[in-house]
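Here's a quick walk through a predicted model. Have a look at the fold and then at the charged pairs.

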Amino acid sequence: MNLKQAGGVNMETSEMHHIYDPINEVRYLDSQCEKDVSLSKSEQKQKMAIEELISTERGYVTSLQLCANDIRNNLKLKQLPDLDVERTFSNIDEVLEVSTRLLRNLEDTVPH
């Protein structure tokens with residue numbers, strides 16, 4: 001599945017898409033499963049569930065990237081006295097790494 005068609009994030013370029021793209025993705029996924037008549041109803045539901053899991057994880061990775069890069073850096077620049085930015089974001093890089101790896105593994109399980 002093409003990441004751009006799915007409305008997600010291209011992990012190689014960290015390209016972000018419009019906030020409503022996940023809605024379009026669900027429609028896209030529904031139409032893809034309906035077209036695959038070789039699958040039983042049960043298999044279609046399973047395929048949709050897996051693709052929804054991938055979509056959700058992709059959105060989570062996008063949010064983590066936003067927090068890890070933009071928000072954390074902007075807060076550092078503001079130098080707010082009552083906010084310990086390093087402590088607040090202490091685990092985000094590790095969480096982002098694990099979530100990105102999980103997303104890639106999930107995407108690798110889906111036949112193209």
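Let's start with the charged pairs: the structure holds four salt bridges. Three of them are set out here.

| Pair | Closest N to O distance |
|---|---|
| R58 and E107 | 2.7 Å |
| E86 and K76 | 3.0 Å |
| R101 and E97 | 3.3 Å |

Take R58 and E107, whose side chains meet in a salt bridge. R58 sits in helix 3 and E107 in helix 5 (residues 92-109), so this pair ties together parts that are 49 residues apart in sequence. Both partners are buried.

Now for the salt bridge between E86 and K76. Here E86 belongs to helix 4 (residues 85-88) and K76 to helix 3, 10 residues apart. E86 counts as partly exposed at 48% relative accessibility, and K76 is partly exposed too, at 37%.

R101 and E97 also form a salt bridge, but both lie in helix 5, four residues apart, so about one helical turn separates them. R101 has a relative accessible area of 43%, so it is partly exposed.

Helix 3 deserves its own look. With 38 residues (41-78) at 1.5 Å a residue, helix 3 should span 56 Å, and its end C-alpha atoms are 54 Å apart, which agrees. There is a bend of about 35° at C67. Its buried residues include I54, V61, L64 and A68, along with R58. Right after helix 3 comes Q79, with a positive phi near 50°.

Zooming out, the protein has five helices and zero strands. Buried residues account for 29% of its 112 residues.

Methods
Residues are numbered from 1 along each chain as its sequence is written. This is a predicted model: local features need pLDDT of at least 70, side-chain atom pairs count only at pLDDT 80 or more; totals for chains, interfaces and linings use all residues. Side-chain values use heavy atoms; hydrogens and water are left out. Helices (H or I, at least four residues) and strands (E, at least two) are DSSP runs, numbered from the N terminus. The expected span of a helix is 1.5 Å times one less than its number of residues. The bend at a residue is the angle between axes fitted to the seven residues ending there and the seven starting there. Buried means under 20% relative accessible area, exposed over 50%, partly exposed in between (1.4 Å probe, protein chains only).
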